[in-house]
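Good morning, everyone, and thank you for making the time. I would like to walk you slowly through one structure today, so please have the sequence and the picture open in front of you.

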Amino acid sequence: MSTELPTRISVDNKTEKTSITARVVNKGGAESPDLRLLVVGFDALEVTAVEGCAPIPEGKLPDGSNSGFSCAVGKLAAGKSRNYTVSATYDLQGKGKICLPVTLGDTGTLLWQQGPVPFGTSKPTPNAPDTPLLLGTDNVPFGPDTSASASPSAPGTLPDTGAPGRTAVLLLGGGLLLAAGGAGLWLTRRGPAQRH
C-alpha cells in the first residue's frame with residue numbers, strides 16, 4: 001500500500017482555503033484487504049472536510065494535530081487507486097503539515113504512513129490572488145522578520161515514509177491515534193520517491 005499527495009497546491013490569499021487530492025494506491029499483485037485512510041492536519045494546515053469521510057472526534061485526534069478525517073476505503077484491486085478530495089485551510093503566517101496513515105480496516109494495524117510532511121514556500125506572494133505551496137517545503141511566512149531561507153523540494157518528488165516497523169510505534173483504534181510526546185513518534189522518512 002502507498003499514498004500520494006500533489007507536489008503543488010495553491011492557497012487563496014484572502015480566504016486561506018485550498019484543495020488537496022489524497023490518493024491511496026495498491027502497488028501489490030493482489031487485492032488488498034479492507035483499508036482505512038486517515039487524513040490529519042498539523043499546525044497551520046487544518047483539514048476541514050474530506051469527501052465521503054467522517055471527522056475524527058476532537059478527543060481522539062493524534063497528539064499535536066488540529067484536525068482529521070477517517071475514510072473507509074474498502075478493498076482495492078491490484079494496481080488500483082482511490083482518490084479523496086481534501087478541503088483545508090492554511091494559515092500562510094505559519095507552517096503546516098499533513099499526514100496520511102493507512103490501516104487494516106478498523107483493527108488499527110498500521111500498513112503505511114506518509115508524513116507528517118510540510119507544504120510551504122520560501123517565496124511568499126502576498127500581493128497575488130493565491131500562494132503556491134510545494135510538498136516537502138517548510139513555509140516561510142511573509143513579513144518584515146522573515147527571509148527566504150527555506151529550500152524547496154525538487155518539483156515532481158514525493159516525500160514518503162514507507163512501510164512501518166523501523167522506529168515508530170503508532171497505535172490506532174477506532175480512529176484513535178496514540179503517539180508519544182509532541183507530534184508523536186512517526187516513521188522515519190526514506191529518500192524521495194517519484195510520483196507515479
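Let me begin with a pair of residues that you can find on the screen, where Gly 41 stands opposite Ser 67 in β7. That pair belongs to a longer run of pairing, since eight bridges join β4 to β7, and the two strands run antiparallel. Before going further I should say that this is a predicted model, and I would ask you to keep that in mind throughout.

Staying with β4, which covers residues 35-43, what share of its nine residues is buried? Eight of the nine are, so the strand is largely enclosed by the rest of the structure. Besides its pairing with β7, β4 also pairs with strand β9, residues 96-104, in the antiparallel sense and over seven bridges. If you look for one place where that second pairing can be seen, Arg 36 stands opposite Thr 103 in β9. Also of interest in this part of the chain is Cys 99, which counts as buried because its relative accessibility is 1%, under the 20% cut-off.

Arg 36 brings us to Ser 70, a residue of strand β7, which spans residues 65-74. The side chain of Ser 70 makes a polar contact with the side chain of Arg 36, at 2.7 Å. Is Ser 70 buried or exposed? Its relative accessibility is 12%, and because the limit for buried is under 20%, Ser 70 counts as buried. If we leave aside the neighbours within four places in sequence, the residues in contact with Ser 70 are Arg 36, Leu 37, Leu 38, Cys 53, Ala 54 and Ile 56.

Cys 53 appears in that list, and it leads to the next topic, because a disulfide is a covalent bond between the sulfur atoms of two cysteines. The structure holds one disulfide, and the cysteines that form it are Cys 53 and Cys 71, with their sulfur atoms 2.0 Å apart. This pair links distant parts of the chain, with Cys 53 in the loop between β5 and β6 (54-55), Cys 71 in strand β7, and the two positions 18 residues apart. The link of Cys 53 and Cys 71 is right-handed, with 110° about the S-S bond. As for their surroundings, Cys 53 counts as buried at 14% relative accessibility, while Cys 71 is buried with a relative accessible area of 0%.

Let us now turn to a sheet elsewhere in the model. In what order do the strands of the open four-stranded sheet lie? The order is β1-β3-β8-β5, and the pairing is antiparallel. The edge strands are β1, residues 2-4, and β5, residues 45-50, each of which pairs on one side only. On average, and with direction ignored, neighbouring strands of this sheet are turned by 35° against each other.

We can cross this sheet one pairing at a time, starting at β1, which pairs with strand β3, residues 17-25, in the antiparallel sense over three bridges. In that pairing, Ser 2 stands opposite Val 25 in β3. Moving on, nine bridges join β3 to β8, and these strands too run antiparallel. Val 25 comes up again here, as its bridge partner in β8 is Ser 81, whereas the bridge partner of Lys 17 in β8 is Thr 89. Finally, five bridges join β5 to strand β8, residues 81-90, again in an antiparallel arrangement. Two of the places to look are Val 47, which stands opposite Ala 88 in β8, and Ala 49, whose bridge partner in β8 is Ser 87.

Let me finish with the chain as a whole, which has zero helices and 15 strands. Buried residues make up 46% of the 196 residues in the chain. Among the contacts with a separation of 6 or more, 65% are between residues 24 or more positions apart. The accessible surface of the chain comes to about 9300 Å², and 52% of it belongs to carbon and sulfur atoms.

Thank you for listening, and I am happy to go back to any of these places on the screen.

How values were computed: Residues numbered from 1 in each chain as written. Predicted model: local features only at pLDDT ≥ 70, side-chain atom pairs only at ≥ 80, totals over all residues. Heavy atoms only, no water. Pairing = 2+ DSSP bridges. Axes fitted to C-alpha atoms, helices over the stretch in contact; angles between N-to-C directions. Buried < 20%, exposed > 50% of the residue type's maximum accessible area, 1.4 Å probe, protein only. Polar contact = N/O pair within 3.5 Å; in protein donor to acceptor, adjacent residues only side chain to side chain. Contact = heavy atoms within 4.5 Å. Areas by Shrake-Rupley, 256 points an atom, 1.4 Å probe, with all protein chains shown as cover. Disulfide = S-S within 2.5 Å.
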